[in-house]
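This report describes the fold and selected local features of one protein chain. Please consult the sequence and the model alongside the text.

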Amino acid sequence: MAQFYSAKRRVTTREIITVAADGLDAFGQGVARHHGKALFIPGLLPGEHAEVVLSEEKKQFARGEVKKRLSQSPERVSPLCPHFGVCGGCQQQHASVELQQRSKAQALGRMMKREVDEVISGPAWGYRRRARLSLNFTPRKPGLQMGFRKAGSNDLVDVHRCPVLVPRLEALLPKLRECLSSLNGVRHLGHVELVDVTSGPLMVLRHLKPLNACDREKLECFSHSEGVALYLAPESDTLENLNGEMPWYEFDGLRLTFSPRDFIQVNDAVNQQMVARALEWLDIQPGERVLDLFCGMGNFTLPLARRAESVVGVEGVAALVEKGSYNAGLNTLKNVTFFQHNLEEDVTRQPWAQQGFDKVLLDPARVGAAGVMQHIVKLKPRRVVYVSCNPSTLMRDSEALLAAGYRTGRLAMLDMFPHTSHLESMALFERD
């Protein structure tokens with residue numbers, strides 16, 4: 001087949017080829033072979049044949065689009081969401097949950113060069129306790145648009161249902177739309193964030209111009225009638241609390257307060273299992289000291305403090321350190337201290353590290369923890385648990401531990417975001 005490329009190596013011919021997918025990649029794309037290289041095809045499942053048009057071809061791989069599916073996998077299911085295929089939030093609702101989990105676990109195993117020991121999962125629907133919906137009002141379109149972005153686009157999908165939201169948040173959508181549409185300042189709304197925790201649902205409304213008294217009254221009436229705590233955000237870094245109390249959630253016998261803009265795990269059921277498994281893997285013994293890096297406001301730190309002799313939580317963001325310390329006091333935990341520290345710098349030189357640590361847990365952001373891995377090695381903990389939201393950086397960072405004589409004791413895939421391409425994981429590293 002003749003191939004012609006633009007500067008971006010886009011395929012300009014539209015020849016139709018017939019292929020069969022033999023697997024899924026970590027992002028839920030069907031994988032076939034064409035001219036000796038991998039061909040990635042969104043929407044195609046393993047075992048399915050399809051007529052495909054190449055959309056992009058590079059030296060190592062190609063991408064294609066399904067023009068006609070010729071067979072159907074028994075693991076293909078009907079998407080539950082009416083917006084699937086347009087909304088960019090979910091990519092895998094057409095695949096059974098079992099296939100999603102299996103393909104993600106296999107992808108993680110390939111990257112880490114060992115089999116995954118377990119998949120930690122919760123409900124496949126109604127799991128998401130936090131979401132941000134964009135808002136847009138234009139004279140050309142009827143009414144207020146409220147929803148998520150299209151895949152690969154800034155265009156808005158007007159969402160009326162979202163079955164991955166926890167039921168209490170999904171049930172709010174119609175009345176929330178009605179309330180926001182009635183505001184005089186509807187043209188000047190940016191987005192609305194919804195969060196559902198033990199203390200109840202809350203909403204943060206970003207508005208680009210001041211709200212008049214009538215609009216504020218409408219919002220407060222909605223807040224009271226629906227039992228939703230209301231926060232207004234006239235600026236990106238400003239939050240007006242109309243509720244008076246801070247929201248909180250409970251797990252592992254603890255109560256954690258937070259600001260609506262603080263990071264909390266979206267999937268509560270998987271988060272609780274993840275924390276429990278991390279504690280099990282660390283196998284905390286009496287008298288042990290534990291270090292929690294990238295600790296946030298204490299999601300792991302506080303449960304660790306209920307079991308260890310002493311715990312140190314280290315975080316780069318001062319506001320989260322303050323929140324962690326407050327939550328420790330709220331739960332009468334006196335054996336835990338929080339410190340702010342740049343984790344690109346040597347943690348072993350800090351006064352709080354001079355006594356050493358028996359165990360270490362780290363839960364970094366997507367960029368990983370390359371700057372701190374050698375410092376963890378110098379601390380010589382017997383066990384390290386690495387919680388990861390990016391398997392590529394987990395694979396990279398684990399090399400420092402393996403080179404220092406650690407071995408991978410356990411590996412779990414965390415199905416934190418069912419029906420999406422997100423792949424989260426957790427690994428235990430041990431040394432003799």
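The sections below proceed from the whole chain to its sheets, helices, loops and cysteines.

**Overall dimensions**

The model is predicted. The protein chain contains eight helices and 23 strands. For 432 residues, a compact globule would have a radius of gyration near 22 Å; the protein chain has 24 Å, which agrees with that expectation. Along the principal axes, the C-alpha atoms of the protein chain fill a box of roughly 65 × 65 × 40 Å. Of the 432 residues in the protein chain, 53% are buried.

**The six-stranded open sheet**

Six strands form an open sheet with mixed pairing, in the order E1-E5-E6-E4-E3-E2. Strand E1 (16-20) and strand E2 (23-24) stand at the edges; each has a single partner strand, so one side of each is left without a neighbour in the sheet. Within this sheet, strand E3 (residues 30-34) pairs with strand E4 (residues 37-41) in the antiparallel sense, over five bridges. In that pairing, Ala32 stands opposite Leu39 in E4.

The chain then passes to a loop between E4 and strand E5 (49-57), and Leu44 has its place there. Is Leu44 buried or exposed? Its relative accessibility is 0%, and Leu44 therefore counts as buried. The C-alpha atoms of Leu44 and Gly23 are separated by 9.2 Å, while the two residues are 21 residues apart along the chain.

**Strand E18 and its neighbours**

Strand E18 (residues 310-315) is mostly covered, as six of its six residues are buried. Ser310, Val312 and Val314 point one way from E18, whereas Val311, Gly313 and Glu315 point the other way; all are buried.

Which strands pair with E18? One partner is strand E17 (residues 289-293), which pairs with E18 in the parallel sense over five bridges. Another is strand E19 (residues 336-340), also joined to E18 in the parallel sense over five bridges. Gly313 takes part in the register on both sides: Asp292 stands opposite Gly313 in E18, and Gly313 stands opposite Phe338 in E19. The connection from E18 to E19 involves helix H6 (residues 318-330), and the three elements make a right-handed β-α-β unit.

**Helix H4**

Does the length of helix H4 fall short of or agree with the expected rise per residue? At 1.5 Å a residue, the 15 residues of H4 (residues 268-282) should span 21 Å, and the end C-alpha atoms are 21 Å apart, which agrees. At the start of H4, a side-chain oxygen of Asn267 reaches to within 3.3 Å of the backbone nitrogen of Ala269. Buried residues in H4 include Val270, Asn271, Met274 and Val275, and further along Ala278, Leu279, Trp281 and Leu282 are buried as well. H4 is followed by Asp283, whose phi is positive, near 50 degrees.

**Positive phi in two loops**

Most residues other than glycine have a negative phi. Two loop residues with a positive phi are set out below.

| Residue | Phi | Loop | Relative accessibility |
|---|---|---|---|
| Asp252 | about 55 degrees | between strand E15 (248-251) and strand E16 (254-257) | 25%, partly exposed |
| Lys380 | about 55 degrees | between helix H7 (373-379) and strand E21 (383-388) | 56%, exposed |

Neither Asp252 nor Lys380 is a glycine. Asp252 counts as partly exposed because its relative accessibility is 25%, a value between the cut-offs of 20% and 50%. Lys380, at 56%, counts as exposed, since exposed means over 50%.

**Cysteines**

How many disulfides does a search of the whole structure find? The search finds zero. Cys87 is in no disulfide, and the nearest cysteine sulfur, that of Cys81, is 6.4 Å away. For Cys90, the closest cysteine sulfur is in Cys162, at 6.6 Å, which is too far for a bond, because a disulfide requires sulfur atoms within 2.5 Å.

Both of these residues are covered. Cys87 is buried, with a relative accessible area of 11%, and Cys90 is buried, with a relative accessible area of 14%. The two values lead to this label because buried means under 20% relative accessible area.

Terms used: Residues are numbered from 1 along each chain as its sequence is written. This is a predicted model: local features need pLDDT of at least 70, side-chain atom pairs count only at pLDDT 80 or more; totals for chains, interfaces and linings use all residues. Side-chain values use heavy atoms; hydrogens and water are left out. Buried means under 20% relative accessible area, exposed over 50%, partly exposed in between (1.4 Å probe, protein chains only). Helices (H or I, at least four residues) and strands (E, at least two) are DSSP runs, numbered from the N terminus. Two strands pair if DSSP finds at least two bridges between them. A crossover is right-handed if, with the strands pointing away from the viewer, the path from the first strand over the helix to the second runs clockwise. The expected span of a helix is 1.5 Å times one less than its number of residues. A polar contact is a pair of N or O atoms within 3.5 Å; within protein, one must be able to donate a hydrogen and the other to accept it, and residues adjacent in sequence count only if both atoms are side-chain atoms. The radius of gyration is taken over C-alpha atoms; the globule rule is 2.2 Å times the number of residues to the power 0.38.
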